[in-house]
Amino acid sequence: MSEDFDPTAHNRVAWDELVDSDNEWSRPVGPEVIARAREGDWSVVLIGHEPTPRDWFPSELAGARVLCLASGGGQQGPVLAAAGAEVTVFDNSPKQLARDEEVAAREGLVLRTVLGDMRDLGAFEDAAFDIVLNPVSNVFCPDLAPVWAETFRVLRPGGSLLVGFMNPDVYIFDEVALDRQELVVRHRLPFSSLDLSESDRTRAYGTGPIEYSHSLTAQIGGQLAAGFNLTHLSEAPHHADVTAKHLPAYIATRAVKP
Ligand SMILES: C[S@@+](CC[C@H](N)C(=O)[O-])C[C@H]1O[C@@H](n2cnc3c(N)ncnc32)[C@H](O)[C@@H]1O
């Protein structure tokens, strides 16, 4: 890979292509979901298809300032806006953000969309948010420390960070064999699809986003090192592949800024 390869620029194009190919994480919620959310009956995911426990959120969402971080696709932001929150959706993909804008226009919802890289939240003031909701996405980000530092900065004291991420262990397996629902141990952790040869990466990921396994030290240790206090942790199996028979592919955490 050339010296000046920019994984974030690559992943922006790759995610826009995933939107064009109707990837499941880019399919916006329907009018019935928004109608229920307006009545207080709402749920959003951080990991796979698992509804995030309501007690991870304040009992009253009305007026809460929520940053939906790397959460484009029209699946979380519009639901929380319909439930009364003041929502900003931040994402690296213009087309993923367009999905949130589409739902907001369709439903007459107010929400703000901001394009950018989750490692730089300079668009926002210190303590600008009460909640940061960050579904599985940091797998596409080369380093996490700036993400934790920036989310800590933009949260008010007492604010909460809800994160979904991949269990790094799933990255020991060969991707092509996984597609055949076979578990073949091939990689050493930490792993990045950039470690693969161009031909192997194209065979396994096509033109898809670059992925990084990240360690639990970087994920959970990183949040603690940034100053967060962990309050909740949950795990879930992958929603579609054979790893689900053996280990939890997803982990979600809730942490608070003291
Ligand atoms: C799996 S989707 C998460 C949102 C989706 N609605 C869901 O529930 O899964 C991953 C998102 O992360 C975004 N993303 C990837 N790298 C990013 C980065 N460096 N900064 C901000 N967003 C990023 C992608 O554009 C994509 O919208």
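**Entry 1: His214 and Gln219**

I looked up His214 in this predicted model and found the residue in the loop between H7 and H8. I noted that phi of His214 is near 50 degrees, a positive value in a residue other than glycine. For context, I recorded that most residues other than glycine have a negative phi. Is His214 buried or exposed? At 10% relative accessibility, His214 counts as buried, because the cut-off for buried is under 20%.

I then moved to Gln219, which is found in helix H8, residues 216–225. Gln219 has a relative accessibility of 1% and counts as buried. Which residues are in contact with Gln219, leaving aside its neighbours within four places in sequence? I listed Asn138, Leu144, Trp148, Phe165 and His214. The loop residue of this entry, His214, is thus among the contacts of Gln219.

**Entry 2: Ala70**

I checked Ala70 for its backbone angle and found a positive phi of about 50 degrees, although the residue is not a glycine. Ala70 has its place in the loop between strand S3 (65–69) and helix H3 (77–82). I entered Ala70 as buried, with a relative accessible area of 18%.

**Entry 3: the bond before Pro190**

I examined the peptide bond from Leu189 to Pro190 and recorded it as cis, with omega near -10 degrees. As background, I noted that most peptide bonds are trans. Where is Pro190 found? I located Pro190 in the loop between helix H6 (175–179) and helix H7 (198–205).

**Entry 4: Arg99**

I placed Arg99 in helix H4, which covers residues 94–107. Is Arg99 buried or exposed? With a relative accessible area of 18%, Arg99 is buried, because that value is under 20%. Not counting residues up to four places away in sequence, I found that Arg99 touches Val19, Ser26, Arg27, Pro28, Gly73 and Gly74. For one of these, Val19, I also looked up the C-alpha separation from Arg99: the distance is 8.9 Å, and the two residues are 80 apart along the chain.

**Entry 5: aromatic rings**

I searched the whole structure and obtained six aromatic pairs. The rings of Phe90 and Phe124 have centres 5.9 Å apart and planes at 65 degrees, so I entered the pair as edge-to-face. What does this pair tie together? Phe90 lies in strand S4 (residues 86–91) and Phe124 in the loop between strand S5 (111–115) and strand S6 (129–134), so the pair ties together parts that are 34 residues apart in sequence. I recorded relative accessible areas of 2% for Phe90 and 4% for Phe124; Phe90 is buried, and Phe124 counts as buried.

I next took the rings of Phe124 and Phe129, with centres 5.1 Å apart and planes at 80 degrees, so this pair is edge-to-face as well. Phe129 is buried, as is Phe124. I noted that Phe90, Phe124 and Phe129 form one aromatic cluster.

**Entry 6: the whole protein**

I counted eight helices and nine strands in the protein. The radius of gyration is 18 Å, close to the 18 Å given by the globule rule for 258 residues, so I described the protein as being as compact as a globular protein of that length. The C-alpha trace spans about 50 × 40 × 40 Å along its principal axes. I recorded 53% of the 258 residues as buried. Of the contacts between residues at least 6 apart in sequence, 69% join residues at least 24 apart.

I entered an accessible surface of about 11,300 Å², with 53% belonging to carbon and sulfur atoms. Lastly, I looked up the 21 positive and 38 negative charges and found their mean positions 2 Å apart.

Terms used:
Residues numbered from 1 in each chain as written. Predicted model: local features only at pLDDT ≥ 70, side-chain atom pairs only at ≥ 80, totals over all residues. Heavy atoms only, no water. Helix = DSSP H or I, 4+ residues; strand = E, 2+ residues; numbered from the N terminus. Rg over C-alpha atoms; globule rule 2.2 N^0.38 Å. Buried < 20%, exposed > 50% of the residue type's maximum accessible area, 1.4 Å probe, protein only. Contact = heavy atoms within 4.5 Å. Areas by Shrake-Rupley, 256 points an atom, 1.4 Å probe, with all protein chains shown as cover. Lys, Arg positive; Asp, Glu negative; His and termini not counted. Charge placed at Lys NZ, Arg CZ, Asp CG, Glu CD. Phe/Tyr/Trp six-rings, centres within 6.5 Å; stacked < 30°, edge-to-face > 60°.
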